[in-house]
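Visitor: I would like a close look at one part of this structure, the site where the ligand sits. Please take me through what surrounds the ligand, and then through what lies beyond.

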Amino acid sequence: MRVVILGCGGFVGSHLLDNLLDDPRYQIEGWDPEDRKIRRHLVNPRFTLHRTVAHAPEALVEVERAIVHCDVVINLAAICNPADYNTQPLAVIRANLFDVYPIVELCAKHRRWLVSFSTSETYGRTISSYLPASSDADPDLYELREDETPLIMGPIRNQRWTYACAKQMTERLIYAHHTEEGLPFTIIRPLNFFGPRMDYIPTRDGDGVPRVLACFMAALLSGEPMQLVDGGHARRTIVSIYEAVDAIRRVLEKPEASQNQIFNIGNRQNEVTMAELADLMRRTYATITGDPRYNDHPIVTTSAEQFYGKGYEDCDRRMPDIGKAERLLGWVPTMRLPEILLGTMRSYHDEYAVPKAA
Ligand code: UGA
């Protein structure tokens with residue numbers, strides 16, 4: 001299978017390459033200016049990397065050639081870090097909507113199957129978050145169902161929603177090209193994939209504020225307190241990157257089932273509040289290091305405005321209905337959160353805390 005992957009050098013892309021390049025049936029052409037996470041694949045004759053962004057006008061001619069000759073295009077290129085949504089809203093809208101649109105158009109022009117990575121954030125906030133607390137008991141008011149749930153975002157001044165809105169518009173464009181021109185597509189809405197190589201550790205190999213896993217990990221590594229935004233009441237469901245990549249593999253291998261569908265990819269069993277996640281992570285780190293003092297690593301609370309700046313608003317809860325992925329792809333995630341954290345945090349520990357041999 002000839003696969004084009006745009007944004008192949010990031011967290012998801014690097015794991016997807018590990019998985020697909022293990023199988024001699026896959027031939028991959030990728031675009032990404034960054035190759036730090038995928039260096040081990042650069043020598044593989046079944047992988048070609050173009051070290052540039054795909055949407056640049058000078059790159060598009062080459063991208064179109066690759067699209068014409070491939071079986072499927074996977075778009076992973078995005079700005080997907082919440083710290084950017086309200087602080088660099090134009091860059092976020094550009095990257096997640098306008099830069100993606102030329103790719104959507106090329107896939108439509110050549111009727112090439114487009115597997116587009118969207119986000120659980122397209123759902124926005126749950127209905128129950130606007131109702132009295134008791135409404136939390138009714139799954140109709142909080143469960144996220146791909147083809148039924150309304151997409152609810154906050155006001156324009158809360159620029160947190162630039163990402164969700166841009167991603168939603170990209171989904172709508174893809175769907176419109178499908179209905180009007182027959183573009184074959186699959187949209188994947190990831191729900192908090194966790195695993196090695198996610199984001200970076202601030203001041204070590206990146207700047208700014210990464211996503212929560214790396215923020216808590218950075219605090220543990222540096223001895224600083226873990227910070228709970230607005231008390232850490234927001235809930236997330238966490239899925240292993242390895243099981244998520246297995247879902248993508250199933251999408252690729254079952255086109256008759258996966259084409260023209262939207263899939264939630266998440267694990268309902270692993271729901272935690274951010275306060276619970278912080279506590280579980282410090283206890284996991286005590287196990288990894290053998291140092292019981294980490295069990296009491298300081299956890300403090302901070303306001304969203306202090307942590308992210310003006311215009312941040314949180315997604316309260318993300319409980320996916322994954323019945324469609326189970327039914328059509330035969331995908332059932334089973335890895336529980338403690339196991340995911342143990343493997344993931346061990347990889348961060350080995351990378352950042354264990355001195356490297358000279
Ligand atoms: C993320 C990103 O929007 C996307 O990468 C992705 O599409 C989506 O999740 C997904 O994977 O489903 P979010 O889960 O809000 O969104 O991102 P995180 O930065 O991981 O934040 C999770 C929660 O932890 C939020 O409530 C945030 O306020 C909180 N947080 C974050 C803390 O309490 N402390 C921190 O140090 C960092």
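Guide: What follows goes from the ligand to its shell, and then along the helices. The model is a predicted one.

The ligand is surrounded by 26 residues. The closest of these are Cys-80, Glu-121, Arg-211, Gln-227 and Asp-314. Sorted by class, the shell has 16 nonpolar residues, four polar ones and six charged ones.

Oxygen atoms of the ligand take part in several polar contacts. Asp-314 places a polar side-chain atom 2.5 Å from an oxygen atom of the ligand. Arg-318 also uses its side chain, with a polar atom 2.8 Å from a ligand oxygen. With Cys-80 it is the backbone that takes part: an N or O atom of its main chain lies 2.7 Å from an oxygen atom of the ligand. Taken alone, the ligand exposes 720 Å², and the protein buries 96% of that area.

Several elements of secondary structure contribute to the shell. Helix H3 (82-85), helix H7 (212-222), strand E9 (226-229) and helix H11 (304-308) each supply at least two of its residues.

Helix H7 leads away from the ligand to a further helix. The axes of H7 and H10, the latter spanning residues 274-289, come within 11 Å and cross at roughly 45 degrees. An angle that is neither under 35 degrees nor in the range 65 to 115 nor over 145 counts as oblique, and H7 and H10 are therefore oblique to each other. Their crossing is right-handed.

From H10 the path continues to helix H13, residues 337-352, where the two axes come within 9 Å and cross at roughly 60 degrees. That angle makes H10 oblique to H13. The crossing of H10 and H13 is right-handed.

One more helix may be added to the tour. Helix H6 covers residues 161-181 and contains Thr-179. A polar atom of the Thr-179 side chain lies 3.1 Å from the backbone oxygen of Ala-176. Thr-179 can also be set against a residue further along the sequence: Asn-260 is 81 residues away in sequence, while the C-alpha atoms of Thr-179 and Asn-260 are 9.8 Å apart in space.

Conventions:
Residues are numbered from 1 along each chain as its sequence is written. This is a predicted model: local features need pLDDT of at least 70, side-chain atom pairs count only at pLDDT 80 or more; totals for chains, interfaces and linings use all residues. Side-chain values use heavy atoms; hydrogens and water are left out. A residue is near a molecule or strand if one of its heavy atoms lies within 4 Å of it. A polar contact is a pair of N or O atoms within 3.5 Å; within protein, one must be able to donate a hydrogen and the other to accept it, and residues adjacent in sequence count only if both atoms are side-chain atoms. Accessible areas come from the Shrake-Rupley method with a 1.4 Å probe; for residues, only the protein chains shown count as cover. Helices (H or I, at least four residues) and strands (E, at least two) are DSSP runs, numbered from the N terminus. Ala, Val, Leu, Ile, Met, Phe, Trp, Tyr, Cys and Pro count as nonpolar, Asp, Glu, Lys and Arg as charged, and the others, Gly among them, as polar. Axes are lines fitted to C-alpha atoms, for helices over the stretch in contact, and angles run from 0 to 180 degrees between N-to-C directions. A crossing is left-handed if the near helix is turned anticlockwise from the far one by less than a right angle, and right-handed if clockwise.
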